[in-house]
Amino acid sequence: MQIMGKNGRRVNMFSERAILHIDVNAFFAAVEQMTNPAYQGRPVIVGGDPNRRGVVSTASYEARQYGVRSGMSLWEARRLCPNGIFLEGNPARYLDISLRLLRLYHSFTPLVEPFSIDEAFLDITGSQHLFDGAVPMAQEIKRKIRQQFGLTVSVGIAPNKLLAKMASDLQKPDGLVILRKEDVPRLLWPLPVGKLYGVGEKMEKYLMDLGLTTIGALAKAPPQLLRRYFGVVGENLQLMANGQDDSPVDPQAGLLVKSMGHELTLPADTDDPELIKRTLLQLSDQVGRRLRREGYQGRKVTVKIRHSDFSTITREQTLAEYTDLEETIYAAAQQLFWQNWPGWPKIRLLGVSVSALVNARRLQQLSFFDDREKISRVTRAVDTIRDKYGDGVVVKARLLLPVRS
Amino acid sequence: MVTEISEPVDVVAVFNRGRLEPAIFLWNKRRYRIRRVTNTWRDMEGQYRRHFFSVLVDSNNDLYELCFRTRDLSWQLVKVYSDG
């Protein structure tokens, strides 16, 4: 229901919420096309040099016409689109534009939840009347993004986050879709069940095996069946298939950090112990630095090992104490790695992450029994130098030279 | 084709209402008049901010990436993108 406000503007009197989901179309590729007009209208693939290893991060819509998709190997992308423009990408550039987009969203509502580098939820329930409703507001946001950034976005408007996210997916690129609860049977139920937000590849397969091939089939499935096979998750999935979601737009959500990690695809598959050690040290150094910079310590160290045949394992270890020191992280990562790698197959990718995080400022406790306080002081002095002059000015000697054990 | 340059350049720039925009740069004894800034972004070099500008010039169709370093108020030509 809409009524006229004092100034003649229509005021939305719906008791339900108005949520926007904004998704920048082919973000990294679009930024590259905007930056370099020579790339406009041509297939741009961001991910790196196709002669080296790695995956497609983002493909422009022109590249998608050749079948190129995010996550595909660069080698495969080159095969499908030999004339594509392959770019390494520029993370600093994307991050800066992403932050500027968030500032723009904040000029429309204080309730902005960053969802990823190119997606955000906005709760405009309280501010939409300033623009005569949700649709004119969404149109104004789209206009400003195009004018200020040269980018197109797909916007979903709905009474909850789930439907807003599904709505923005329905029209790409440059979309604006309104999805009401009553539209769910007509617009969402015919879609394959894998299109439901939150249904990953494995869950999709389980649901298909049960004959629940569409979102509608999941919505109408006997609740006891879903409970028996999937427990609470099954009940939640059925609520979602019916378009129900009460989760709030939480501006703090992106700030709650659960783990910090880094991973690296090696230039070539390797079984060289020295290269493996150096890579683990480099990853531990990056993780430790990030923990300290953001004021966290963690107790759980996880190592990810991807073999040359793409089989992947993760192994974790809980430490006796919380830490943000790379030496401790590295020691745990080393132990985990060598316990779980018999020397073959060769290694393709390594990852190190630290979880079970707490705010480190609450944990200032001196240790009297070993060198940790001394190491900690040295580490912090190095951090200060890096903060002032940049990361490259202090590097561990072991990262420059092969380790001699 | 992308060519890494990373050389210091002299720049004539306009400061206007909190905005910084390069207008001309001198590189290899040649003067390049900027016809369009296609994109700008910023990052941090330690505690100092760097401002990046992708620019098109009057004399050719290459794209030049310039960087203004607040650390020492210097300009650098970072890369040149030639359409090959």
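1. In this predicted model, A:P114 has A:A120 as its bridge partner in β8(A). The pairing to which these residues belong joins strand β7 (residues 112–116) of chain A to strand β8 (residues 119–123) of chain A, in the antiparallel sense and over four bridges. Two residues lie between β7(A) and β8(A), and the two strands form a hairpin.

2. Chain A also holds an open sheet of four strands, whose order is β11-β14-β12-β13 and whose pairing is antiparallel. At its edges stand β11 (259–270) and β13 (312–323) of chain A, each of which pairs on one side only. With direction ignored, neighbouring strands of this sheet are turned by 15° against each other on average. Helix α13 (residues 326–340) of chain A packs on the sheet and touches β12 (296–307), β13 and β14 of chain A. The direction of α13(A) makes about 145° with that of β13(A).

3. Within the four-stranded sheet, eight bridges connect β11(A) with strand β14 (residues 347–359) of chain A, and the sense of this pairing is antiparallel. In β14(A), A:L349 is the residue that stands opposite A:T265.

4. A further open sheet of chain A has three strands in the order β5-β4-β6, and here the pairing is mixed. The strands β5 (58–59) and β6 (85–87) of chain A each have a single partner strand, so one side of each is left without a neighbour in the sheet. Strand β4 (residues 44–46) of chain A pairs with β5(A) in the antiparallel sense over two bridges. One residue pair to inspect is A:V46 with its bridge partner A:T58 in β5(A).

5. Helix α1(A) lies across β4, β5 and β6 of chain A and runs at about 125° to β4(A). The same element also packs against α4(A), at an angle of about 100° and with the axes 11 Å apart. This makes α1(A) roughly perpendicular to α4(A), because angles of 65 to 115 degrees fall in that class. On the side of α1(A), the residues that meet α4(A) are A:F27, A:F28 and A:V31, and their counterparts in α4(A) are A:R93, A:Y94 and A:I97. By class, the residues of this contact are five nonpolar, no polar and one charged.

6. The contact between the chains takes 14 residues from chain A and 13 residues from chain B. On the side of chain A that touches chain B, the elements giving two or more residues are α1 (27–35), α4 (91–106) and α14 (372–389) of chain A. That side of chain A has six nonpolar, three polar and five charged residues. Helices α1(A) and α4(A) thus appear both in the contact with chain B and in the helix packing described in point 5.

7. Chain B has seven strands and zero helices, and its elements run β-β-β-β-β-β-β from the N terminus on. Its radius of gyration is 12 Å, close to the 12 Å that the globule rule gives for 84 residues, so chain B is as compact as a globular protein of that length. The C-alpha trace of chain B spans about 35 × 25 × 25 Å along its principal axes. Of the 84 residues in chain B, 23% are buried. Among contacts in chain B between residues at least 6 apart in sequence, those that join residues at least 24 apart make up 31%.

8. Two hairpins in chain B share strand β3(B). Strand β2 (residues 10–16) of chain B runs antiparallel to β3(B), and seven bridges join them. Two residues lie between β2(B) and β3(B), and B:R17 in the turn has a positive phi of about 50°. Strand β4 (residues 30–45) of chain B is likewise antiparallel to β3(B), with four bridges between them. In this pairing B:W27 has B:R30 in β4(B) as its bridge partner. Two residues again separate the strands of the hairpin, and B:N28 takes a positive phi near 55°.

9. B:L20 merits a separate remark. Its place is in strand β3 (residues 19–27) of chain B, where B:L20 is the bridge partner of B:F15. B:L20 is exposed, with 12 other C-beta atoms within 10 Å; the class follows because a residue counts as exposed at 12 or fewer. Neighbours within four places in sequence aside, B:L20 is in contact with B:A13, B:F15, B:H51 and B:F68. From B:L20 to B:Y32 the C-alpha to C-alpha distance is 17 Å, and the two are twelve residues apart in sequence.

Definitions and conventions:
Residues numbered from 1 in each chain as written. Chains lettered and ligands numbered in written order. Predicted model: local features only at pLDDT ≥ 70, side-chain atom pairs only at ≥ 80, totals over all residues. Contact = placed C-beta atoms within 7 Å. Nonpolar A, V, L, I, M, F, W, Y, C, P; charged D, E, K, R; others polar. Rg over C-alpha atoms; globule rule 2.2 N^0.38 Å. Buried ≥ 20, exposed ≤ 12 C-beta atoms within 10 Å, placed from the backbone. Pairing = 2+ DSSP bridges. Axes fitted to C-alpha atoms, helices over the stretch in contact; angles between N-to-C directions. Parallel < 35°, antiparallel > 145°, perpendicular 65-115°, else oblique.
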